[in-house]
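Got your viewer open? Let's take a walk through this one together, picking out one thing at a time.

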Amino acid sequence: MTTNRTLEGGQLAHSKSGLEPKRPSPALTLAAALLGFALICLDASVVNVALPAIGSSLGGGMSGLQWVVDAYTLPFAALMLSTGAFSDRAGASRAFALGTAVFTLASAACGLAPNLPALIGARVVQGMAAAVVLPASLALVRQAFTQPARRARAVATWAAGGSAAVALGPVAGGLLTTVWDWRGIFFVNLPVGAVILVLLVRAPRSERRPAPLDLPGQATAVVALTALTFAVIEGGVAGWVAVGVTVVAAVAFFRIEARSPHPVVPLGLFRNRTVAVAVAAGAAVSVAFYSVVFVFSLFFQQVQGLSALHAGLAFLPMTGLIAVTNVVAGKLAGRYGARLPMLLGQGLAVAGLLVLLYVDAGTSSVLAAVLLVPLALGCALTVPPLTAAMMDAVPAERAGLAAGVLNAARQVAGGLGIAVFGTLVSDGFAGGMRVSLVISAGLLALTGAATSRLR
């Protein structure tokens with residue numbers, strides 16, 4: 001009796017103290033997931049405008065600036081092939097908390113970096129953590145909202161957070177670099193990360209689920225992509241050695257994937273024409289969009305002499321329309337099917353890239369900002385329908401895997417585009433910029449032609 005009373009009294013005191021576990025809150029879970037997704041999307045774009053300031057502070061030349069971007073993009077892309085399975089094995093809530101904590105600590109390391117190698121190393125850790133955060137954040141949203149209609153609205157809100165972060169990235173980077181320092185673009189992540197971890201207290205606890213991991217396939221993919229990027233950026237004798245490493249790792253990757261019972265990239269997916277075209281078009285869009293943002297970030301500041309803030313504002317017309325256009329693209333795809341908006345988007349992006357060939361040092365920065373808009377509209381029109389087309393082309397049980405492959409391909413393409421185009425402009429900015437625009441237009445023209453043959 002005494003024991004029972006003691007337990008009851010303890011429970012009563014525990015209740016009165018407010019220490020009992022709180023019920024999961026779908027709204028707060030969505031807020032945490034949205035902030036996490038927005039944070040990792042922001043760091044993919046916020047750094048571009050700060051690159052000249054980073055170069056002035058830490059040195060390293062053009063190749064160093066390319067690595068500052070790609071050190072984040074490549075591990076983010078490559079590890080995304082496996083982090084969905086990791087999220088299932090660890091539980092989405094645990095994986096999200098771990099990814100957010102590591103990302104926040106890595107952001108502090110970026111802001112405190114005493115030299116360029118330290119900054120690049122911290123960016124690698126950021127990218128690895130971001131690869132964990134993305135699938136885990138979406139899984140949390142799916143768990144928190146059990147009703148299909150509410151879940152659909154929540155996922156749309158989550159996706160809008162990423163689009164808004166991409167749009168605000170250049171402006172935020174320019175503002176922070178101007179009023180604070182380039183280190184501010186990383187330090188601003190610390191309070192956001194802390195808020196996310198606090199909000200996670202009200203997130204549902206996720207069950208661990210068995211999910212196979214293809215570690216040999218994942219490892220060879222990372223080696224091949226890293227070596228290829230090194231070869232493009234660094235060149236010389238070391239670059240040729242890296243090409244050899246790329247070939248060996250790529251051959252090993254394809255052999256492993258062909259034999260693995262649970263490959264990170266099921267090669268059979270690409271026998272479906274729609275899947276192949278969607279992945280190719282997504283990659284071409286990423287090359288065009290992310291590489292042009294990288295090149296024009298340098299153009300506005302190093303060629304036209306704009307401040308970081310004004311360079312960031314120059315991207316606002318381009319990025320500000322992306323979220324709205326994504327919605328329009330989704331409606332067009334729902335009404336007419338995926339092929340029409342994909343064709344319109346790729347055609348508009350090609351036209352926008354060709355118009356940008358007339359931009360030079362004497363072009364008004366306002367006019368250059370306006371001329372960037374058609375490219376952004378074309379890319380934003382293309383991505384939602386190609387994503388929908390790919391999801392419709394695969395069985396429901398493989399939708400998550402297909403989405404991971406598509407997103408990884410897009411991120412890898414963007415990172416390699418920055419490596420190639422950064423090398424081109426380092427040999428002569430005006431000529432390199434024009435060659436970069438022509439390459440991007442050519443890739444989109446090819447994928448547009450392939451899109452026209454879809455049903």
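Start with helices H15 and H17, because these two run roughly antiparallel to each other. Bear in mind as you look around that this is a predicted model. To bring up the pair, select residues 339-355 for H15 and residues 373-393 for H17. Their axes make an angle of about 155° and lie 7 Å apart. An angle over 145 degrees counts as roughly antiparallel, so that label fits H15 and H17. Their crossing is left-handed.

Which residues do the touching here? On the H15 side, show Pro341, Met342, Gly345, Gln346, Leu348, Ala349, Gly352 and Leu353. Their partners in H17 are Pro374, Leu375, Leu377, Gly378, Cys379, Leu381, Thr382, Pro385 and Leu386. Try colouring this contact by residue type: you should get 12 nonpolar residues, 5 polar ones and no charged ones.

**Next stop: a loop**

Now click on Thr363, which sits in the loop between H15 and helix H16 (365-371). Is Thr363 buried or exposed? Its relative accessible area is 12%, so Thr363 is buried. Leave out residues up to four places away in sequence, and Thr363 touches Gln304, Tyr358 and Ala368.

**Over to H2 and H11**

Select residues 26-58 for helix H2 and residues 273-303 for helix H11. This pair packs at an angle of about 40°, with the axes 9 Å apart. That angle makes H2 oblique to H11. H2 passes H11 in a right-handed crossing.

To see where they meet, show Asn48, Val49, Leu51 and Pro52 in H2. Across from them in H11, add Val293, Phe294, Ser297, Leu298, Gln301 and Gln302. This contact holds 6 nonpolar residues, 4 polar ones and no charged ones.

**Staying in H11**

While you have H11 up, pick out Ala278, which belongs to this helix. With a relative accessible area of just 2%, Ala278 is buried. What does Ala278 touch, if you skip residues up to four places away in sequence? You'll find Leu386, Met390 and Leu406. For a bit of practice with the distance tool, draw a line from the C-alpha atom of Ala278 to that of Val155: they are separated by 21 Å, and 123 residues apart along the chain.

**Into the cores**

Time for the largest nonpolar core, which has 104 residues. Ile40, Ile54, Leu119, Phe296 and Phe300 are the ones with the most contacts inside it. The largest share of this core, 17 residues, comes from H2.

Zoom in on Ile40. Leaving aside neighbours within four places in sequence, Ile40 is in contact with Tyr72, Phe76, Phe103, Ala130, Val133 and Leu134. Another core, of 14 residues, lies apart from the largest one, and among its members are Leu386, Ala389, Met390 and Val394. You've met two of those names already: Leu386 and Met390 are touched by Ala278.

**Last stop: Gln126**

Finally, select residues 116-144 to see helix H5, and find Gln126 in it. How accessible is Gln126? Its relative accessibility is 0%, so Gln126 counts as buried. Show what Gln126 touches, again not counting residues up to four places away in sequence: Asp43, Tyr72, Phe103, Ala106, Ser107, Cys110, Phe186 and Asn189. Tyr72 and Phe103 should ring a bell, as Ile40 is in contact with them too.

How values were computed. Residues numbered from 1 in each chain as written. Predicted model: local features only at pLDDT ≥ 70, side-chain atom pairs only at ≥ 80, totals over all residues. Heavy atoms only, no water. Axes fitted to C-alpha atoms, helices over the stretch in contact; angles between N-to-C directions. Helix = DSSP H or I, 4+ residues; strand = E, 2+ residues; numbered from the N terminus. Parallel < 35°, antiparallel > 145°, perpendicular 65-115°, else oblique. Left-handed = near helix turned anticlockwise from the far one by under 90°. Contact = heavy atoms within 4.5 Å. Nonpolar A, V, L, I, M, F, W, Y, C, P; charged D, E, K, R; others polar. Core = buried A, V, L, I, M, F, W, Y, C linked by side-chain atoms within 4.5 Å. Buried < 20%, exposed > 50% of the residue type's maximum accessible area, 1.4 Å probe, protein only.
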